[in-house]
Amino acid sequence: MGLDASTSTIGLAIIEASELKLIHYEYYKPSKKEDIFHKLQEVRKFISTKINEFKPDLVALEDIILFMKGHSTAKTISGLAVLNRTVGLAVLDYLGQAPYLMNVMSIRSLIKIDKKAPKKEEVPDVVAKHLNIDFPYLLNKKGKILNENYDMADAMAAAIALHKKISAPIKVKRKKK
């Protein structure tokens with residue numbers, strides 16, 4: 001299972017790692033009307049329901065970015081951190097193990113096709129290549145690509161990156177004589 005959890009949208013993807021096959025994808029919008037505790041409870045319930053439904057072996061959770069130039073405020077970062085860690089706790093509670101926290105650049109580096117890590121808007125096409133699919137873009141009524149596609153693509157990328165990280169051979173540093 002791959003998760004991209006933010007205060008506005010949670011992307012979720014289930015990937016069969018042995019075949020790199022996309023099983024399920026969706027996004028979830030936490031309530032904007034609820035107070036923080038009810039919002040966190042709602043998110044925790046959503047994650048636990050999905051874990052019970054899909055019973056993943058492993059979960060990759062895109063870790064928070066502590067500073068985003070032009071977007072970082074204490075309110076933004078603290079809200080994001082609390083929600084992200086609530087998702088992590090739900091994984092721990094219902095799966096019995098903590099999720100693998102992976103930062104954005106590590107994920108993008110692990111899924112890159114050529115020598116350059118993909119930009120945010122390139123992630124859907126890159127994960128589609130890994131999964132051998134056409135990315136299942138969701139469109140609004142006017143035919144415009146929804147922003148939530150990028151959250152789902154980031155969740156797919158997290159799952160693919162975890163698979164690559166775990167299945168990669170271990171590098172051993174040799175001592176110089």
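The side chain of S31 reaches the backbone nitrogen of E34 at 3.3 Å. It also reaches the backbone nitrogen of K33, at 3.1 Å. Both are polar contacts (a pair of N or O atoms within 3.5 Å; within protein, one must be able to donate a hydrogen and the other to accept it, and residues adjacent in sequence count only if both atoms are side-chain atoms). S31 sits in the loop between strand 3 and helix 1. S31 counts as buried because its relative accessibility is 19%. Buried means under 20% relative accessible area, exposed over 50%, and partly exposed in between (1.4 Å probe, protein chains only).

This model is predicted: local features need pLDDT of at least 70, side-chain atom pairs count only at pLDDT 80 or more, and totals for chains, interfaces and linings use all residues. Residues are numbered from 1 along each chain as its sequence is written, and side-chain values use heavy atoms, with hydrogens and water left out.

**Helix 1**

Helix 1 covers residues 36-54, which makes 19 residues. Helices (H or I, at least four residues) and strands (E, at least two) are DSSP runs, numbered from the N terminus. From first C-alpha to last, helix 1 reaches 27 Å, close to the 27 Å expected at 1.5 Å a residue. That expected span is 1.5 Å times one less than the number of residues. D35 caps the N-terminal end: a side-chain oxygen lies 3.0 Å from the backbone nitrogen of F37. After the helix comes K55, with a positive phi near 50°. The buried residues of helix 1 are K39, L40, V43, F46, I47, S48, K50 and I51. An α-helix has 3.6 residues a turn, so residues three or four places apart point the same way.

**Salt bridges**

The structure holds six salt bridges. Each is a side-chain nitrogen of Lys or Arg within 4 Å of a carboxyl oxygen of Asp or Glu. Side chains of opposite charge can pair when their charged atoms come close. Three of the pairs are tabulated here.

| Pair | N to O distance | Citation |
|---|---|---|
| K50 and E26 | 2.9 Å | |
| E148 and K29 | 2.7 Å | |
| D63 and R85 | 2.9 Å | |

K50 forms a salt bridge with E26. The pair links distant parts of the chain, with K50 in helix 1 and E26 in strand 3 (residues 21-28), 24 residues apart. Both K50 and E26 are buried. E26, K50 and E53 are linked in a network of salt bridges.

E148 meets K29 in a salt bridge. E148 lies in helix 5 and K29 in the loop between strand 3 and helix 1, so the pair ties together parts that are 119 residues apart in sequence. E148 counts as buried, at 12% relative accessibility. K29 is partly exposed, with a relative accessible area of 40%.

D63 pairs with R85. D63 is in the loop between strand 4 (60-62) and helix 2 (74-95), and R85 is in helix 2, 22 residues apart. R85 is partly exposed, at a relative accessible area of 36%.

**The second largest pocket**

About 350 Å³ of space lies in the second largest pocket. A pocket is an open set of points on a 1 Å grid over the protein atoms alone, where a 1.4 Å probe fits, with protein on both sides within 12 Å along at least five of seven lines; lining residues have an atom within 4 Å of a point. Its volume is the space filled by probe spheres set on the points, joined across faces, edges and corners. The lining has 18 residues, with M1, I15, A17, D57 and L58 nearest the centre.
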